[in-house]
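The following questions and answers concern the structure shown below. Each answer closes on the value or name requested.

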Amino acid sequence: MGAPVLEELREVCQPQAKMASRNGEHWAGRLYMRRISLRTTRHLVRTPVTPDQLTWTMVVCGVASGAALMIPGLTGAVLAVILMQLFLLFDCVDGEVARWKGQNSAAGIYVDRLGAYLADAALMAGAGYRAAESGVGGWLSAGVATALGVVLLKASTDLVDVARARRGLAVADDESTRPRSQGVAAVRRLAAAFKIHRVTNGIEASLVLLAAAIADTVTGGIEPTRWALGALAVITWVMVPAHLLSILSSSRLR
């Protein structure tokens, strides 16, 4: 049996409702990865590979991205970016294969979300190890603290779905995320304009750390990576209470 044509595959595997969702699709997915993933999925749907196997592969790539930062110099930072891009690719492909084969499962969704937690946390912890120059101390602690903040950000979002499910409510739509308070809405619009919050995600953070590694190579030190990690830590922990306030001031829990 031949591979399905791309248009047929796109209709089933990349439904417009998901692609158009502001919270349902990463910008890198819309910009380039969904084009790559669809061509990868086109070949994978003809194999015995299951969506769950692809999801576990995604998890391995994400955690390995953080571990790669333990390799000194530019090599580790480049490898971390490559692995994080593979993480994003498999994050797209597993769902596409699941939709085409009709093999969606609660276990797959669970592992997918777990992988997102582990990947971003591993990257931040790896950055701390890198900034500490393979030692222990304040920079390693900063990386672990940033990892914890990233996990809290993701958990606060996912717990909205948990709370709504326990109340028998449908999944929150994009409209319900708008803050009811005009003041909070204005601050949120300002933050969205600069998009600084994106660096708390593994894809963006890996690129920031790569830029820092290049600067390390130029300067012959580790200070640029330390500055980058410090900035990531501050942004993450400013975002934690801000995101909680945004959730509580919106209609997501009503």
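A nonpolar core is a set of buried Ala, Val, Leu, Ile, Met, Phe, Trp, Tyr and Cys residues joined through side-chain atoms within 4.5 Å. The model discussed here is predicted.

Q: Which residues touch the most other members of the largest nonpolar core?
A: This core has 42 residues. Helices H3, H4, H5, H6, H7, H9 and H10 each supply at least two of its residues. The members that touch the most others are Leu 54, Leu 123 and Leu 209.

Q: Which helix gives the most residues to this core?
A: Among the helices that each supply at least two residues are H4 (51-68), H6 (106-131) and H5. The greatest contribution is 10 residues, and it comes from H5.

Q: Which residues are in contact with Leu 54, leaving aside its neighbours within four places in sequence?
A: Leu 54 is one of the three residues that touch the most other members of the largest nonpolar core. With its neighbours within four places set aside, Leu 54 is in contact with Leu 44, Val 49, Phe 90, Val 93, Asp 94 and Val 97.

Q: How many helices and how many strands does the secondary structure of the protein chain come to?
A: Read along the sequence, the pattern is α-α-α-α-α-α-α-α-α-α. The totals are therefore 10 helices and zero strands.

Q: What percentage of contacts between residues at least 6 apart in sequence join residues at least 24 apart?
A: The protein chain has 254 residues, of which 43% count as buried. Among its contacts between residues at least 6 apart in sequence, the share that joins residues at least 24 apart is 78%.

Q: Why is H5 described as roughly parallel or roughly antiparallel to H9?
A: The axes of H5 (residues 73-101) and H9 (residues 202-219) come within 9 Å and cross at roughly 165 degrees. Angles over 145 degrees count as roughly antiparallel. Because of its crossing angle, H5 is therefore placed in the class roughly antiparallel.

Q: How many residues of the contact of H5 with H9 are nonpolar, polar and charged?
A: H5 passes H9 in a left-handed crossing. The contact includes Leu 74, Ala 77 and Gln 85 of H5 and Ile 203, Ser 206 and Leu 210 of H9. By class, its residues are 13 nonpolar, four polar and no charged.

Q: What separates the C-alpha atoms of Leu 210 and Ala 77?
A: Leu 210 is found in helix H9. Not counting residues up to four places away in sequence, Leu 210 touches Leu 74, Ala 77, Val 78 and Val 81. Leu 210 and Ala 77 are 133 residues apart along the chain, and their C-alpha atoms are separated by 5.1 Å.

Q: Why does Gln 85 count as buried or exposed?
A: Gln 85 is found in helix H5, and its contacts beyond four places in sequence are Tyr 32, Met 33 and Ile 203. A residue counts as buried under 20% relative accessible area. Because the relative accessible area of Gln 85 is 19%, this residue is buried.

Q: How many nonpolar, polar and charged residues does the contact of H6 with H10 have?
A: H6 and H10 pack at an angle of about 145 degrees with their axes 9 Å apart, and H6 passes H10 in a left-handed crossing. The contact is made by Met 124, Ala 127, Gly 128, Arg 130 and Ala 131 of H6 and by Thr 225, Arg 226, Leu 229 and Leu 232 of H10. By class, the contact has five nonpolar, two polar and two charged residues.

Key: Residues are numbered from 1 along each chain as its sequence is written. This is a predicted model: local features need pLDDT of at least 70, side-chain atom pairs count only at pLDDT 80 or more; totals for chains, interfaces and linings use all residues. Side-chain values use heavy atoms; hydrogens and water are left out. Axes are lines fitted to C-alpha atoms, for helices over the stretch in contact, and angles run from 0 to 180 degrees between N-to-C directions. Helices (H or I, at least four residues) and strands (E, at least two) are DSSP runs, numbered from the N terminus. Angles under 35 degrees count as roughly parallel, over 145 as roughly antiparallel, 65 to 115 as roughly perpendicular and the rest as oblique. A crossing is left-handed if the near helix is turned anticlockwise from the far one by less than a right angle, and right-handed if clockwise. Contact means heavy atoms within 4.5 Å. Ala, Val, Leu, Ile, Met, Phe, Trp, Tyr, Cys and Pro count as nonpolar, Asp, Glu, Lys and Arg as charged, and the others, Gly among them, as polar. Buried means under 20% relative accessible area, exposed over 50%, partly exposed in between (1.4 Å probe, protein chains only).
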